[in-house]
Amino acid sequence: DKLLAKQQELSGRLKATQATEGYETAEGLDTTAQLWEVSEVRDGLDDEAAQELNQVNDALARLDRGEYGLCESCGNPIGEARLEALPYATV
């Protein structure tokens with residue numbers, strides 16, 4: 001359930017930032033430096049959310065294969081506390 005909720009959150013965040021493309025000009029950011037800075041921040045957030053979404057999707061695929069909660073390095077179970085804190089943990 002946590003993975004699905006995180007998947008929805010990240011998908012929504014990506015859609016929201018993509019929907020606001022060009023919004024900075026309406027906000028009055030009139031210098032090239034300001035526009036560049038806002039664009040760089042948005043791109044960084046998009047990249048971070050996309051990477052996290054990929055990790056969530058991978059965890060859901062492991063769940064479907066019956067491999068969820070197993071360390072990719074050694075095959076031992078990942079601790080419950082770790083999975084509670086980071087549901088898409090792989091080690």
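## A tour that starts at Ala89

Select Ala89 to begin: with a relative accessibility of 4%, Ala89 counts as buried. Keep in mind as you click around that this is a predicted model. Ala89 sits in the segment after α4, the helix that spans 80-85. Now bring up what surrounds it. Leaving out residues up to four places away in sequence, Ala89 touches Arg62, Ile78, Arg82 and Leu83. For a distance to draw, pick the C-alpha atoms of Ala89 and Val56: the two residues are 33 apart along the chain, and these atoms are separated by 9.0 Å.

**Zoom out for the whole chain**

Colour by secondary structure. You should see four helices and zero strands, so to speak a plain α-α-α-α when read along the sequence. How much of the chain is buried? Of its 91 residues, buried ones make up 23%. Switch on the surface if you like: the accessible area of the chain comes to about 6,300 Å², and 51% of that belongs to carbon and sulfur atoms. As for contacts between residues at least 6 apart in sequence, 51% join residues at least 24 apart.

**Next stop: the core**

Select Leu3, Leu10, Leu14, Ala49, Leu53, Val56, Ala59, Leu60 and Tyr88 and show their side chains. These nine residues make up the largest nonpolar core. Which helices supply at least two residues each? Those are α1 and α3. The one that gives the most is α3, with five residues. Val56, the partner in your C-alpha distance from Ala89, is one of the core residues.

Stay in the core and centre on Leu53. Ignoring neighbours within four places in sequence, Leu53 is in contact with Gln7, Leu10, Ser11 and Leu14. Leu10 and Leu14 are core members along with Leu53.

**Last stop: a salt-bridge network**

The structure holds six salt bridges, and this stop takes in a linked set. Select Lys6 and Glu9 first. Their closest N and O atoms are 3.7 Å apart, and the pair forms a salt bridge. Both residues belong to helix α1 (residues 2-19), and because they are three residues apart there, about one helical turn separates them. Lys6 is partly exposed, at a relative accessible area of 22%, and Glu9 is partly exposed too, at 40% relative accessibility.

Keep Lys6 selected and add Glu52. Here is a second salt bridge for Lys6, with 3.4 Å between the closest N and O atoms. Why is this pair worth a look? Glu52 lies in helix α3 (residues 32-65) while Lys6 lies in helix α1, so the salt bridge ties together parts that are 46 residues apart in sequence. Is Glu52 buried or exposed? At 13% relative accessibility, Glu52 counts as buried.

Now go back to Glu9 and add Arg13. Their side chains meet in a salt bridge, at 3.2 Å from N to O. This pair is again within helix α1: Arg13 and Glu9 are four residues apart, which puts about one helical turn between them. Arg13 counts as partly exposed, with a relative accessibility of 29%. With Lys6, Glu9, Arg13 and Glu52 all on screen, you have one network, joined by salt bridges that share partners.

Conventions
Residues are numbered from 1 along each chain as its sequence is written. This is a predicted model: local features need pLDDT of at least 70, side-chain atom pairs count only at pLDDT 80 or more; totals for chains, interfaces and linings use all residues. Side-chain values use heavy atoms; hydrogens and water are left out. A salt bridge is a side-chain nitrogen of Lys or Arg within 4 Å of a carboxyl oxygen of Asp or Glu. Buried means under 20% relative accessible area, exposed over 50%, partly exposed in between (1.4 Å probe, protein chains only). Contact means heavy atoms within 4.5 Å. Accessible areas come from the Shrake-Rupley method with a 1.4 Å probe; for residues, only the protein chains shown count as cover. A nonpolar core is a set of buried Ala, Val, Leu, Ile, Met, Phe, Trp, Tyr and Cys residues joined through side-chain atoms within 4.5 Å.
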